[in-house]
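Open the model in your viewer and get your selection tool ready. We will walk through the aromatic rings and what surrounds them.

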Amino acid sequence: MRTRTPRTKTPTAKTPRTRTPTARTPRTAYVLVVLALLATGSGAVAGCGGERAGDHGARGGDDGAEARREARARRVAAAWDGSRAARIWRAGYHPAGDVLQPPAGGFHEGADQRAFTAQNFVLRGTLPAAGHEEGEVRWRSGAPLALPLTSAREAYASVARGGDDGPHLTVTGARRGTMTVATSRGPATVPAWLFSLEGYGTPLRRAAVAPSALPEPPIGPARNRSEGELAPLLGLVGVAADGRSVTVAAGHGACDGGAVVDVLESRDSVVLSARVTGVRKGPCSAELRRQKVTVRSSGRLGDRVLLDAFTGRPVPYARSGGSSPSGGG
């Protein structure tokens with residue numbers, strides 16, 4: 001399914017006569033900021049746009065740019081469909097939802113929620129000793145997957161990354177348990193560390209297994225990203241319960257009309273093509289804004305691979321704040 005929207009013309013802003021030495025054009029600023037974030041693996045972005053549907057944005061660029069985007073999406077789909085990489089990916093454990101879950105019923109007060117978001121924790125107790133064990137990830141159908149368990153201390157370190165002087169949560173101990181995590185293959189029961197929190201009767205849960213390694217992609221990244229062309233996605237936010245829509249994070253600058261994501265579906269994959277619309281000429285701050293974009297498919301995502309047309313790789317899950325599932329589950 002590919003959604004199209006009517007063309008709209010964005011008025012071009014007049015360039016001021018004077019420019020500051022640090023001013024950059026929107027295109028240059030956006031490219032530099034996105035590439036810097038990708039190089040560092042940082043999830044920090046400036047600002048946060050509201051959720052907007054992928055089929056409600058204006059079409060950017062000319063017909064040639066649109067044809068190139070579609071051709072790239074078709075090449076990505078053709079490379080993955082029926083490939084060894086797709087088979088390896090389907091057999092793995094790839095989270096599509098949070099691997100860190102608050103106590104049942106949420107936090108008692110705003111200060112605790114802020115501490116959780118800022119990852120401000122202190123440890124006042126002992127954690128179980130590290131072992132060399134494996135745990136099983138289980139789905140409703142299909143064979144379970146055995147994966148190495150992360151230690152309680154590794155799991156705690158992935159949670160307690162904050163270091164400011166604000167409110168904090170106190171961990172008093174940990175024990176083994178399980179949790180349910182949304183994955184690319186549907187809900188899964190996953191081994192977890194259950195951290196006891198001071199003042200709470202139910203634990204904070206952290207997945208005790210890391211995501212499976214991604215296979216070598218059968219196609220390389222796009223070679224260019226000029227104005228009106230493709231941009232890399234910032235991550236997967238979530239998949240709807242009915243499996244017919246996904247929400248992703250896309251980036252755009254301070255001097256444009258926002259991000260739009262187009263969809264190309266095939267038998268084995270759903271390819272998402274992100275772009276920026278309404279780019280205005282003239283000086284602009286080097287700022288990357290994070291925008292949630294929801295796109296719908298004609299059928300359920302199922303076990304099809306969700307792919308980024310720019311990178312040629314599966315779209316990784318990325319929390320909107322706090323830790324990501326990478327680096328220990």
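Start by selecting Tyr156 and Phe195: both are buried, meaning under 20% relative accessible area (exposed is over 50%, partly exposed in between; 1.4 Å probe, protein chains only). This is a predicted model, where local features need pLDDT of at least 70, side-chain atom pairs count only at pLDDT 80 or more, and totals for chains, interfaces and linings use all residues. Residues are numbered from 1 along each chain as its sequence is written, and side-chain values use heavy atoms, leaving out hydrogens and water.

Keep Phe195 selected and show its contacts (heavy atoms within 4.5 Å). Not counting residues up to four places away in sequence, Phe195 touches ten neighbours you can click through: Leu127, Ala152, Ala155, Tyr156, Val171, Gly173, Ala174, Pro203, Leu204 and Arg206.Next, widen the view to the largest nonpolar core, a set of buried Ala, Val, Leu, Ile, Met, Phe, Trp, Tyr and Cys residues joined through side-chain atoms within 4.5 Å. Of its 33 residues, Tyr93, Phe121, Val190 and Phe195 touch the most other members. A second, separate core has 18 residues, including Val263, Ala274, Leu306 and Tyr317.

Now select Phe107, Phe116 and Tyr200, which form one aromatic cluster. Zoom in on Phe107 and Tyr200: both are buried.

Finish at Trp139, where the charged end of Arg185 sits over the ring, 3.6 Å from its centre. For this term, NZ of Lys or CZ of Arg must be within 6 Å of the ring centre and within 35 degrees of the ring normal.

Definitions and conventions. Rings of Phe, Tyr and Trp (its six-membered ring) pair if their centres lie within 6.5 Å; planes under 30 degrees apart count as stacked, over 60 as edge-to-face and the rest as tilted.
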